[in-house]
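Biologist: I'd like to learn how to read a helix and its charged pairs in a model. Can you walk me through it?

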Amino acid sequence: MAGPTGRGGSLGAAALNDLLRARVTPRHRLSSYNAKHWHAQLSQLTATHRGQQALEDAGLHVTTKTLINWLSDAEYNVRRSYLDIIHTAYENVAIVPAEPIPDHIKRGQYEISGVVKTGDDERTRGTVDAAPLRIDGSRGHWDEIEELWLAGELTDDEFEDHFIDDVIVEAIGEGTDGWEFSGASYSVEIR
């Protein structure tokens, strides 16, 4: 029975990231939060309970009268420190944090299909001539991958590099002369 699968033009670029993003919500910005001016940001924040809470959490402590004055006049002279608080609260609401990488991803049994090279051995895995490269994810060290994921900085290249160094090498060793995934099409399945 086939498990979750990711596909793409490189091991990291699409296969691994495709697999992860299909299963776990990445860090992202809400498209409705695109205001640039402090007044528009404040108006949007005060319209929801979540926004009001973000203002409070960011440290905005002003009277209701002051808040009404600010909201009624976009040209109101607001101190720089308050503008910074409004902007911080806005960004805190606009950014949705990534979900942690679940254990079934970190502990999964991976099957990688595509061109795999170690030393002089280069072959297309996952065909009738060569089984997929099988990796036990539970032997890997996922800390750096997860840290980058949660920060929204897990690029395709970073994912591939860390997956090779922190998961593949930990699971089956360095290979004859390192691991290379130079093909143009990959499939990664978790069992």
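Modeller: Let's start with helix H5, residues 80-94 (helices are DSSP runs of H or I, at least four residues, and strands are E runs of at least two, numbered from the N terminus). The expected span is 1.5 Å times one less than the number of residues, so the 15 residues of H5 should cover 21 Å, and the end C-alpha atoms are indeed 21 Å apart. Bear in mind that this is a predicted model: local features need pLDDT of at least 70, side-chain atom pairs count only at pLDDT 80 or more, and totals for chains, interfaces and linings use all residues. Residues are numbered from 1 along each chain as its sequence is written, and side-chain values use heavy atoms, leaving out hydrogens and water.

Biologist: Which residues of H5 are buried?

Modeller: An α-helix has 3.6 residues a turn, so residues three or four places apart point the same way. Here the buried ones (under 20% relative accessible area, with exposed over 50% and partly exposed in between; 1.4 Å probe, protein chains only) are Tyr82, Leu83, Ile85, Ile86, Ala89, Tyr90, Val93 and Ala94. Down the axis of H5 they fall within an arc of 165 degrees (directions from the axis to the C-beta atoms), so they line one face.

Biologist: Which salt bridge does Glu91 make?

Modeller: Side chains of opposite charge can pair when their charged atoms come close. Glu91 meets Arg29 in a salt bridge at 2.7 Å, N to O (the cut-off: a Lys or Arg side-chain nitrogen within 4 Å of an Asp or Glu carboxyl oxygen). Glu91 is in H5 and Arg29 in strand S2, so the pair ties together parts 62 residues apart in sequence.
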